[in-house]
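Please look at the structure below with two topics in mind, its nonpolar cores and its pockets. The report takes the pockets before the cores.

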Amino acid sequence: MTISNAPIGLEPAPPAGRSKRRPRRALNAGAPSHRGDAKLAWILIAPAMIGFLVFALYPTVRGIYLSFTDFRLLSAPTWIGVQNFVTMFQDDVFWKSLGITVYFVVIAVALTLAVSIVTAAVLHRVTESTVLRGLIILPFLISGVVAATVWSWMLDAQLGIVNQLVHALGGDGIRFLTAREWAVPSLALIHVWKNMGYTSIIIFAGMQTIPPSIYEAGRLDGASEPKMFMRLTLPLLRPILALVVVLNVIGAFQVFDIVSVATKGGPADASKVLQMYIYQKAFGQFDFGYASAMSLALFAILIVITFVQMRLLRASESDNA
């Protein structure tokens, strides 16, 4: 019989070379307090699941199916295989609309990114006014139709306030929305005005994650504010900038409401972006099969562009890693 010398209330130490492990207690999912949790969870997520199935998944699957059919609304869909895609590759209007869309995307994304970075830097390094931050995000909350309507009045060649200012400065009036060379840039500026507030807030939030000690070290080294912005802020914002670029490219490729209200694709189809052409084919000519094929092509283009951007910008890496 062995008598332990351990103090009363304490367990004897385990033998040398062996460690005593107490078994971990798993959560008792069958306890009365946890019964019915699974049912409650399904009830809570059911509205979102139903909405996703009805308004997202089913239309997507239906659109993919229609892209391989000849469907003109008044007749049942007829399976024609890849004929819609063959027609699309031979359609000059499709390629012209795609080119106009790319032109719009380049202008809109470049200007949005440049203006948003400067705005976010001002909010981060110059002012802490919450009122100013609220005003920055305000245009994003306005409907695209309303924004396009107001800017159409402001850019009117005869009575628009912008041309009134141009005349006051001694210049000639500019037909912003009715001249071929000005239509797409003008639409891009409207898009920038509407979306730069949201993008600025995202970049501003990213700037707030940068430790202040990095800027203090830069000041000790004698770096100026512009130099710290170029050498410190921008490299550390690479993941945020990658996200911003991807979101803005996707949003710009899907532009429709601004074009539909401001120019309706004119003048002479100079601003007929791909979304406008898809809409005209579907709801103007009731060729839903061909419109679905172009929509699927646009979806594939966005997937490829997003993948390439994420690879080039190394969104998952950062210089402070």
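The helices named here, such as α13, are DSSP runs of at least four residues, numbered from the N terminus. The model is a predicted one, and in it α13 supplies the largest share of the lining of the largest pocket, namely eight residues. Two or more residues of this lining also come from each of α1 (37–66) and α12. Among the 18 lining residues, those closest to the centre of the largest pocket are G63, A291, S292, S295 and L296.

The second largest pocket is lined by 17 residues, of which F140, H191, N195, L247 and G251 are the closest to its centre. Here α7 gives the most, with six residues, while α10 and α11 each supply at least two.

| Pocket | Volume | Nonpolar lining residues | Polar lining residues | Charged lining residues |
|---|---|---|---|---|
| Largest | about 460 Å³ | twelve | six | none |
| Second largest | about 300 Å³ | eight | seven | two |

We turn now to the cores. The largest nonpolar core has 43 residues, and those with the most contacts inside it are M88, F94, F104, V105, L187, F253 and M294. At least two residues of this core come from each of several helices, including α3 (92–125), α7 (180–208), α10 (238–253) and α13 (288–313). Apart from this core lies another one, of 16 residues, with I202, M228, L237 and L241 among them.

Which residues does V105 touch, not counting those up to four places away in sequence? V105 touches A110, V249, A252 and F253.

Technical notes
Residues numbered from 1 in each chain as written. Predicted model: local features only at pLDDT ≥ 70, side-chain atom pairs only at ≥ 80, totals over all residues. Heavy atoms only, no water. Core = buried A, V, L, I, M, F, W, Y, C linked by side-chain atoms within 4.5 Å. Buried < 20%, exposed > 50% of the residue type's maximum accessible area, 1.4 Å probe, protein only. Contact = heavy atoms within 4.5 Å. 1 Å grid on protein atoms, 1.4 Å probe; cavity = no way out; pocket = protein on both sides within 12 Å on 5 of 7 lines; lining within 4 Å. Points joined across faces, edges and corners; volume = space filled by probe spheres on them. Nonpolar A, V, L, I, M, F, W, Y, C, P; charged D, E, K, R; others polar.
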